[in-house]
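Thanks, everyone. Let me walk you through this one quickly, starting with charged pairs and ending with the backbone.

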Amino acid sequence: MPNKTNSIRLQSVPHQNSTLSSYSLKKVNEIILKLSEDFPEESKVLTDFYVSYVIHIMGYRHGETKAFSSTVTCLQKSLLLRRKYINSDLNDELVSKQLEPKHIFWCEKNDSEGRPILLIRPSKMNLSVYNRHSYLLACLKTFEEGLQRMAPNVVAFSIFIDTTSIQFSHIDISFLLKIGNLITNLYPERLHRIYFGPNSWKIGLSWTILCLFLPNQLKSAIAVVQDPKVMLAKLIKTEDTIPSYWGVK
């Protein structure tokens, strides 16, 4: 299982809100120009801070000499996936029904670094209308809404999963593997953390299977928490133990 945590992970790369140097800005502009020629419809997602952030992480992960080429390859893959998945199908009626009743929604408050927090309560989903592909598109539609919520100098979001009352019927391993790989490749370096809890034997068994196939960088971003509501309150620095918009009493 992932390590238990009661604190927010700090990135081992330059702060997401840092100011770009003239050299960094030049490299960023080179990448944006190169990618915008092939993907003009996606230029809005290639912000200065986001591309700079990816360059820093690629340099940290692959070495400074490969930071530029690794960033281009990473973002090219992401933009190709956007062409495949981020389209008019996201507004299909069946896609919208997957989110009813409301069990996936963005927190009213961001974390202390300004990152949006996506709240997910699987036990509240309507399994009678569940369709794996449509549910995948519904999640991607929600992620896209999260990108729109970000300030210009914020590049990542977190996901908070409340596993209270979860049953095996709510755990689709094939779906989780698919969405896990898509988050990694469609939204490279956008995911700060996935928090989930409380832990249970059902979660432990599912994790044992998932960890065999999930990308390492995604697994490293996952943390189990004992009390999701208390941890959420710490993340958004609220005095309320259970925020009202969590949807429970």
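**Salt bridges**

E41 has a relative accessible area of 38%, which makes it partly exposed. Before I go on: this is a predicted model. Keep that in mind throughout.

Which residue does E41 meet in a salt bridge? The partner is R83, with a distance of 2.6 Å from N to O. Now look at where the two sit. R83 belongs to helix α3, residues 67–85. E41 is in the loop between α1 (22–38) and α2 (48–62). They are 42 residues apart, and the pair links distant parts of the chain. How accessible is R83? Its relative accessibility is 42%, so R83 counts as partly exposed.

How many salt bridges are there in total? The count is ten. I'll take two further ones.

Next, please find E42. Its side chain forms a salt bridge with K44. The closest N and O atoms here are 3.8 Å apart. The cut-off is 4 Å, so this pair counts as a salt bridge. Is E42 buried or exposed? It is buried, at 5% relative accessibility. K44, by contrast, is exposed, at 54%. The lines are drawn at under 20% for buried and over 50% for exposed. This pair also belongs to a network of salt bridges, made up of E42, K44, R82 and E144. Remember R82. You will meet that residue again.

One more pair: D172 and R132. Their closest N and O atoms are 2.9 Å apart. D172 sits in the loop between β3 (157–162) and α6 (173–186), while R132 is in helix α5 (132–149), so the bridge ties together parts that are 40 residues apart in sequence. D172 is buried, with a relative accessible area of 15%. R132 is partly exposed, at 44%.

**Cores**

From charge to the nonpolar side. In soluble globular proteins, nonpolar side chains tend to be buried together. Here, the largest nonpolar core holds 41 residues. Which members touch the most other members? Those are Y85, L140, F143, I159 and I179. And which element gives the most to this core? That is α5, with eight residues.

Zoom in on I159. Skip its neighbours within four places in sequence. What remains in contact with I159 is L118, I120, F143, I183, L191, R193, I194 and Y195. F143 appears in that list, and it is also one of the five residues just named.

Apart from this core lies another one. It has 21 residues, among them V51, I55, V72 and C74.

**Cavities**

Now the empty space. How many cavities of 30 Å³ or more does the whole structure have? A search finds two. The largest has a volume of about 70 Å³.

Its lining includes V45, L46, Y50, L75, S78 and L79. The rest of the lining is R82, L147, L186, Y187 and R190. So here is R82 again, the residue from the salt-bridge network. α3 gives the most to this lining, with four residues. What about chemistry? Eight lining residues are nonpolar, one is polar and two are charged.

**Backbone**

Last stop: unusual torsions. Most residues other than glycine have a negative phi, and most peptide bonds are trans. We have exceptions of each kind.

Cis bonds first. E100 and P101 are joined by a cis peptide bond, with omega about -5°. P101 is in the loop between α4 (93–97) and β1 (104–106). The bond from G197 to P198 is also cis, with omega near 5°. Where is P198? In the loop between β4 (191–197) and α7 (201–210).

Then positive phi. S165 is not a glycine, yet its phi is about 65°. S165 sits in the loop between β3 and α6. That is the loop that also holds D172. E189 is not a glycine either, and its phi is about 60°. E189 is in the loop between α6 and β4.

Which of these is buried, and which exposed? S165 is exposed, with a relative accessible area of 54%. E189 is buried, at 12%.

That's my tour. Over to you.

Terms used:
Residues numbered from 1 in each chain as written. Predicted model: local features only at pLDDT ≥ 70, side-chain atom pairs only at ≥ 80, totals over all residues. Heavy atoms only, no water. Helix = DSSP H or I, 4+ residues; strand = E, 2+ residues; numbered from the N terminus. Buried < 20%, exposed > 50% of the residue type's maximum accessible area, 1.4 Å probe, protein only. Core = buried A, V, L, I, M, F, W, Y, C linked by side-chain atoms within 4.5 Å. Contact = heavy atoms within 4.5 Å. 1 Å grid on protein atoms, 1.4 Å probe; cavity = no way out; pocket = protein on both sides within 12 Å on 5 of 7 lines; lining within 4 Å. Points joined across faces, edges and corners; volume = space filled by probe spheres on them. Nonpolar A, V, L, I, M, F, W, Y, C, P; charged D, E, K, R; others polar.
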